[in-house]
Structure formats: structure tokens, C-alpha cells
Amino acid sequence: MALNDDQRTLRDWVHGFAADVMRPAAAEWDEREETPWPIIEEAATLGIYSLDFLANAVLDPTGLSFPIVLEELAWGDAGLCMSIMGSSLAVAGIMANGTPEQQAEWMPQCFGTPGNLKLAAFAVSEPDAGSDVSSLRTRAVYDQTTDEWVLNGVKTWITNGGIADLHVVVASVDPELGARGQASFVVPEGTPGIRMGQKFKKMGIRASHTAEVVLEDCRVPGRCLLGGKDRLDERLARVREGKKASSQAAMATFESTRPGVGAQAVGIARAAFEYARDYAKERRQFGRAIVENQAIAFKLADMKMAVDAARLLVWRASWMAATRTPFESGEGSMSKLFAGEAAVKVTEEAIQILGGYGYVREYPVERMHRDAKIYTIFEGTSEIQRLIIARAVTGVHVR
């Protein structure tokens with residue numbers, strides 16, 4: 001599969017930012033475990049952290065531009081990539097569920113402008129509802145007298161959670177309907193009743209802020225219900241009548257973002273492979289470069305094969321999404337599952353090739369390995385992806 005001139009130019013431009021700005025700063029921000037505002041600011045100044053850039057990449061009719069961007073940024077550093085691209089998940093939530101008017105109003109506010117940066121967050125997971133999104137306890141109750149929705153609950157594992165200027169919150173409107181009774185709400189900057197809870201100290205992607213979001217009688221205007229109340233009422237009525245409803249709020253977002261998650265995993269795996277390959281060609285033991293030993297060379301062959309296979313699965317799923325080709329065999333989940341597990345394996349092998357040097361923080365592969373693991377967990381664990389694929393290919397409701 002060949003890239004066109006525009007895609008190659010985009011790839012090389014983003015790669016330059018990843019190599020010149022992200023990589024030199026990666027270790028520092030991993031140690032600090034803080035939001036890397038200077039890096040985001042530089043990305044905004046160059047135009048990478050912006051709605052226009054995101055839209056142009058996502059709207060590529062081939063579907064390939066966005067995974068190309070994500071792979072290059074994650075190749076630079078996964079934690080910094082997540083800090084730059086974390087707001088895009090909220091944008092995906094608005095795109096998947098909002099009206100054109102809501103998209104025009106809220107999506108630009110997810111980024112702000114250079115010198116006046118904004119962050120956005122997409123809040124779904126809860127302490128007792130991770131993979132099982134049907135069990136969300138956060139409630140949204142409509143107050144007809146004021147035309148407001150009142151949100152109460154706790155969200156957890158939220159990228160940019162509590163520090164974001166805009167949160168997209170998935171809440172239950174009718175708990176008896178499970179996932180089909182949920183809706184998405186925009187909580188704008190300055191809304192009373194929303195605050196950050198615990199900030200998590202993580203194994204990897206530590207330059208990305210992850211925390212709880214606490215909602216206590218948080219009131220948002222009726223216009224903050226994505227899709228609008230009329231559409232929600234119509235959908236709930238159909239569900240109560242036993243008719244099939246459209247995709248529910250959280251899954252509509254995840255379905256569109258899984259190949260992008262896979263692309264980030266590809267970037268991590270590729271970075272680890274390249275570093276281990278170059279190290280193996282320079283490192284000498286017993287009078288020759290260690291790459292001359294089959295034990296090392298075969299590892300590198302398998303690592304390269306895994307990287308390329310993962311990328312092809314991601315590109316296929318991205319192309320299918322862009323061309324509205326149905327995921328009849330769970331192709332979106334396949335891309336995320338394979339790429340995430342490949343990243344874990346490739347980074348582990350990179351550590352093995354470097355030996356003791358791979359285990360210390362002076363060398364980047366240990367950080368890459370720590371970063372890689374989350375790609376088998378968030379936005380659907382490997383087990384959930386296998387469940388989705390199994391149901392798709394068998395037609396059986398596997399449990």
C-alpha cells in the first residue's frame with residue numbers, strides 16, 4: 001500500500017516534530033508526571049494541536065492520514081503523544097453524538113489557541129464500570145423547570161480529567177435500559193459541581209494526566225445534551241418498545257477511535273524495534289556485533305514482522321471506517337488488539353536485546369515497555385476485543 005505525496009509530506013513533517021521536540025523531552029516529562037504544557041504549546045504553535053489539523057487528518061478519504069500522525073507522535077513518545085492527542089477523544093464524542101450546531105460550538109473549545117490553550121476530556125469509565133459500560137452509575141436527571149440536566153457520579157481513569165476546560169460525560173438517563181439508556185453531556189469550562197478527584201500515578205504514559213472526575217449536583221443547560229432532548233426521547237421510546245436503537249453514547253465513540261489507539265501502539269513498537277536494531281549493530285560481544293548472532297537477528301525479524309502486520313491491520317480498519325465499510329469481523333477491534341499486544345511483546349524483546357542496559361532508565365526501551373502495556377487495557381481490554389471479534393465471526397453471543 002503506497003502513500004500519496006500529501007500523506008508522505010504529512011508523515012515527514014510530524015516525524016520531524018516527534019524527533020526534534022518530543023524525543024529530547026520524553027524522559028524529563030516521564031519523570032515529572034505532569035502535563036507537558038511547553039510541548040503542547042509548541043504543538044499548537046506549529047498547528048498540530050488544533051481542530052483544523054485534527055479535522056484534516058481525520059477527513060482524509062483514504063482514512064490513512066490520522067493513523068500516520070498518531071504513529072509518528074507515539075514514535076516520539078507515547079506519554080507526550082497522549083497529552084497532545086488526549087483532547088481528540090472528547091472531539092470524537094462530540095462528533096459521534098452531537099448535532100452539527102453542537103459540533104461547531106464545542107469542538108473548537110477543546111483546543112483553544114496558541115497562548116490560550118484548552119484541554120478536553122472524555123469521561124466514561126467508573127470505579128465499578130470499566131469494560132462493562134452498561135453498569136455506569138453516573139446519573140443525569142432532567143430538571144424541566146430550569147431546562148437543566150443535573151449530573152452526579154464519579155468517573156475514573158480519565159485523560160485530562162478534572163484539569164480539562166471541557167468535559168464530555170457519559171451518564172445514565174434511564175438505568176433500567178442499561179447502555180441503551182445513556183447519553184453524552186458537555187460540561188463547559190467554569191461549570192460548578194465538577195472537580196478533580198484522585199490523580200493517578202501510573203506505570204506508563206506518565207506525561208499524560210489521568211485522574212478521577214467528581215460530579216456533585218453539576219448542572220448543565222439543556223443544550224449541553226449531545227444530540228438534543230428530542231432525539232434522546234425518541235431513542236429511549238424506541239428502546240422501551242423493544243425496537244433496535246442506534247449505537248449508545250460510549251460505544252459510538254470507541255468504535256471510531258480504536259484503530260487510532262492501535263496506531264499509537266504501532267508507533268511505540270516501531271520505536272523500540274528501531275532502537276534495538278541499531279543497538280544490536282553497534283554492541284559487540286565475543287568479538288562481533290551481537291546482531292550477527294541468530295538469537296538476536298531472529299528476534300529483530302519477528303519484531304519487524306509484528307510492527308508491519310499491526311500497521312496493516314490499523315490501516316485496513318482506518319480505511320474501512322473512512323469508506324463506511326462495515327466491520328463485519330470486528331476489524332476495528334482486531335487492529336487495536338493485535339497492535340497493543342505487539343507493542344508489549346516488541347518492547348519486551350527490545351529490553352532483552354539490550355540486556356541490563358534495557359532495564360535502566362538511561363535507555364528509552366524500558367519506558368517504551370511501560371508505555372506499551374496500557375494499550376492492552378484502555379478503550380477496551382484485550383479480552384473485550386477478543387469477545388467482540390468472536391461474536392462477529394461466529395454470530396454467537398459469546399460471554
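Of the 399 residues in the protein chain, 55% are buried. The structure shown is a predicted model, and every value below is computed from it.

The secondary structure of the chain consists of 13 helices and eleven strands. The radius of gyration is 21 Å, close to the 21 Å that the globule rule gives for 399 residues, so the chain is as compact as a globular protein of that length. Along the principal axes, the C-alpha trace spans about 80 × 50 × 40 Å. Among contacts with a separation of 6 or more, 73% join residues that stand 24 or more positions apart.

The surface may be considered next. The protein chain exposes about 18,000 Å², and carbon and sulfur atoms supply 53% of that area. As for charge, there are 44 positive and 52 negative side chains. The centres of these two sets lie 5 Å apart.

From the surface, the account turns to the interior. The largest nonpolar core contains 117 residues, and those with the most contacts inside it are Phe17, Tyr49, Ile84, Phe185 and Ile353. Helix H9, which covers residues 249–282, gives this core its largest share, namely twelve residues. Phenylalanine 185 can serve as an example of the surroundings of one core residue. When neighbours within four places in sequence are left aside, the contacts of phenylalanine 185 include the aromatic residue Trp149 as well as Ala140, Leu151 and His167. Val168, Val169, Ala171 and Val173 are also in contact with phenylalanine 185, as are Cys224 and Leu225.

Two alanines illustrate how individual positions may be described. Alanine 25 belongs to helix H1, residues 5–32. The relative accessible area of alanine 25 is 9%, which is under the 20% cut-off, and therefore this residue counts as buried. Apart from neighbours within four places in sequence, alanine 25 is in contact with Ile39 and Leu80. Valine 150 lies 125 residues away from alanine 25 in sequence, and their C-alpha atoms are 41 Å apart in space.

Alanine 321 is found in helix H10, residues 294–322. Is this alanine buried, exposed or partly exposed? With a relative accessible area of 45%, alanine 321 is partly exposed, because the value falls between the limits of 20% and 50%. Glycine 332 is eleven residues from alanine 321 along the chain, and the C-alpha atoms of the two residues are separated by 8.4 Å.

How values were computed
Residues are numbered from 1 along each chain as its sequence is written. This is a predicted model: local features need pLDDT of at least 70, side-chain atom pairs count only at pLDDT 80 or more; totals for chains, interfaces and linings use all residues. Side-chain values use heavy atoms; hydrogens and water are left out. Helices (H or I, at least four residues) and strands (E, at least two) are DSSP runs, numbered from the N terminus. The radius of gyration is taken over C-alpha atoms; the globule rule is 2.2 Å times the number of residues to the power 0.38. Buried means under 20% relative accessible area, exposed over 50%, partly exposed in between (1.4 Å probe, protein chains only). Contact means heavy atoms within 4.5 Å. Accessible areas come from the Shrake-Rupley method with a 1.4 Å probe; for residues, only the protein chains shown count as cover. Lys and Arg count as positive and Asp and Glu as negative; His and the chain ends are not counted. The place of a charge is taken as NZ of Lys, CZ of Arg, CG of Asp or CD of Glu. A nonpolar core is a set of buried Ala, Val, Leu, Ile, Met, Phe, Trp, Tyr and Cys residues joined through side-chain atoms within 4.5 Å.
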